[in-house]
Amino acid sequence: MTARILGALLALACACGAWAQEPFPSKPVTIVVPYPPGGQADLAARPLAHSLQQILKQPFVVLNRPGASGAVGNRAVAAATPDGYTILVTLVSITTIPEVEKMFERPVSYTMDQFAPLARLVADPPVLVVGAQQPWKSLKELIDDAKKHPDDLVYSHSGLYGPSHLPMEMLLHEAGAKMRGLPAVGGGPSMQLVLGGSAAMWASPPAMAVPQVAANKMRPLASFGAQRHPAFPDVPTLKELGYQTEFYVWAGAFAPAATPAPILATLRDAMRKAAASPDFTGAMEKMKTPAAYLDAPEFQKFLERDSAMLRKAVQAIGKVEGAN
C-alpha cells in the first residue's frame, strides 16, 4: 500500500512539473543586434522580428548593443541564459573577431562553440562606393591613385576586421595599394562619413548603397561578389577586373549553445516561416537584398567554409595599426 501511495505521489509530482512548464515563448524575446540602427544586421533583424512576432504570438524586441566591431553584443548573447529569450542577429564578423583577438594575444571574447546557429538570413556582397564628389570613375583609377599616394586616401568602415573593413583590406592587399581606414561604430555611421566628406569611399552593403546611388550621392565602382549584383547590373565584379578577392556580408541568427533542443526547434521553425513571409521577403526586396535563407544544418556547413576563408584573410592582412 505504501509503495502504491508513494508511486502515485511521484506520478502526481511529475505531472504537476510538466503542467508548470510554460510553453515557449511565453514572454517577449530579445533579439540582440551588435551594431547601431541602420546597418545590415539591423535592417535584417527588424522585419524578421515583426514576422516572428506574428508567428509565435509574443513580442520580439530588437536591442542594439554596438561596440568593438560587434564583439560586445556577440559576447552578451554567448553569456546569456540559454532559455531562448535572448537570441542574436549578427554579421560575418562574428567568426573573425575571435581570430583577431588570438592574433593580438588578447583574451577571447567568445568562441563559436558558444552559439547554436538558427538560420542564415541574407548573404550579400558589398559594393565599393565613392562619394559623388570624388574624381574616380573606375576601380583602376582609384587603385592607381592609391598607389601613387600611399595612405592619402581614406575609406570608412564599421570597425577593424569587421564586415566593411575586411573586404577593403583584402582588396588593397591583393592590389598592393594602401589607404587609411577611418572607423565608425556601425554601417550607418560609416555611410555618413562618406556622405559628409570625411572619407572618400567604403565597402557598403548593397541595401544601404542603393538609395544613395539613386540620389546621385555616391558612385559604385565594383562589387565583391562572384557575380554582378542584381541591384547594380552595370557594376563589374572584382573578378571581372582581374582580382580574386570575394566577400559576402551575411546576416545570421544564433542562440546560446546550451539552449534546449525543443526551444531551438521552435525558433528554427519560426525562422524558416519568417524568412519566407511577405513581410520579410518584401523588406529584403525593397532593399535590393537577395534572399539567402539557410536552415541550421546548411548554415553550419556554410559557416565552416566561410570561416576557413576569412581566417586565411585575417592572417594574410596581419596586425592592423590601431587594433591592439
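This passage walks through the fold, the cores, two covered helices and the charged pairs of one protein chain.

The structure is a predicted model, in which local features need a pLDDT of at least 70 and side-chain atom pairs count only at pLDDT 80 or more, while totals for chains, interfaces and linings use all residues. Residues are numbered from 1 along each chain as its sequence is written, and side-chain values use heavy atoms, with hydrogens and water left out.

A good place to start is the overall picture. The secondary structure of the protein chain comprises 11 helices and 11 strands; helices (H or I, at least four residues) and strands (E, at least two) are DSSP runs, numbered from the N terminus. The C-alpha trace spans about 95 × 45 × 30 Å along its principal axes. Of the 324 residues, 54% count as buried, where buried means under 20% relative accessible area, exposed means over 50%, and partly exposed lies in between (1.4 Å probe, protein chains only). The chain exposes about 14500 Å², and carbon and sulfur atoms supply 56% of that area; accessible areas come from the Shrake-Rupley method with a 1.4 Å probe, and for residues only the protein chains shown count as cover. Among contacts (heavy atoms within 4.5 Å) with a separation of 6 or more, 77% come from residues 24 or more positions apart.

Turning to the interior, the largest nonpolar core has 90 residues, and those with the most contacts inside it are I87, L139, L142, M179, M201 and W250. A nonpolar core here is a set of buried Ala, Val, Leu, Ile, Met, Phe, Trp, Tyr and Cys residues joined through side-chain atoms within 4.5 Å. M179 gives a feel for these surroundings: leaving aside neighbours within four places in sequence, M179 is in contact with residues including L142, A146, Y155, M168 and M201. Apart from the largest core lies another, of 16 residues, among them V154, V194, A199 and A209.

Two helices show how the chain covers its own parts. Helix α6 (residues 165-175) is mostly covered, with 9 of its 11 residues buried. Among the buried residues of α6 are H165, M168, E169 and L172. The buried residues of α6 pack against α4 (93-103), β5 (127-131), α5 (139-148), β6 (154-157), β8 (201-204) and α11. Just after α6, G176 takes a positive phi of about 70 degrees. Helix α8 (residues 206-214) is largely enclosed by the rest of the structure, because 7 of its 9 residues are buried. These are P206, A207, M208, A209, V210, Q212 and V213. Their cover includes α2, β4 (115-124), β5, α7 (187-195), β8 and β9 (218-223). After α8 comes N216, whose phi is positive, near 60 degrees.

Charged residues come next. The whole structure holds 9 salt bridges, each a side-chain nitrogen of Lys or Arg within 4 Å of a carboxyl oxygen of Asp or Glu. In one of them, D42 pairs with R46, with the closest N and O atoms 3.0 Å apart. The two are 4 residues apart in helix α2 (residues 40-56), so about one helical turn separates them. An α-helix has 3.6 residues a turn, so residues three or four places apart point the same way. D42 is buried, with a relative accessible area of 4%, whereas R46 is partly exposed at 39%. R268 and D295 form another salt bridge, with their closest N and O atoms 2.8 Å apart. R268 lies in helix α9 (residues 261-275) and D295 in strand β11 (residues 291-295), so this pair ties together parts that are 27 residues apart in sequence. A further salt bridge joins D269 and R272 at 2.4 Å, N to O; these residues are 3 apart in helix α9, about one helical turn. Salt bridges that share partners also join E99, K102 and R311 into one network.

D306, finally, is found in helix α11 (residues 296-317). This residue is buried yet has no salt bridge, and the nearest side chain of opposite charge, R120, is 7.6 Å away; Lys and Arg count as positive and Asp and Glu as negative, while His and the chain ends are not counted. The side chain of D306 instead has a polar contact of 2.9 Å with that of W250. A polar contact is a pair of N or O atoms within 3.5 Å; within protein, one must be able to donate a hydrogen and the other to accept it, and residues adjacent in sequence count only if both atoms are side-chain atoms. Not counting residues up to four places away in sequence, D306 touches V92 and W250.
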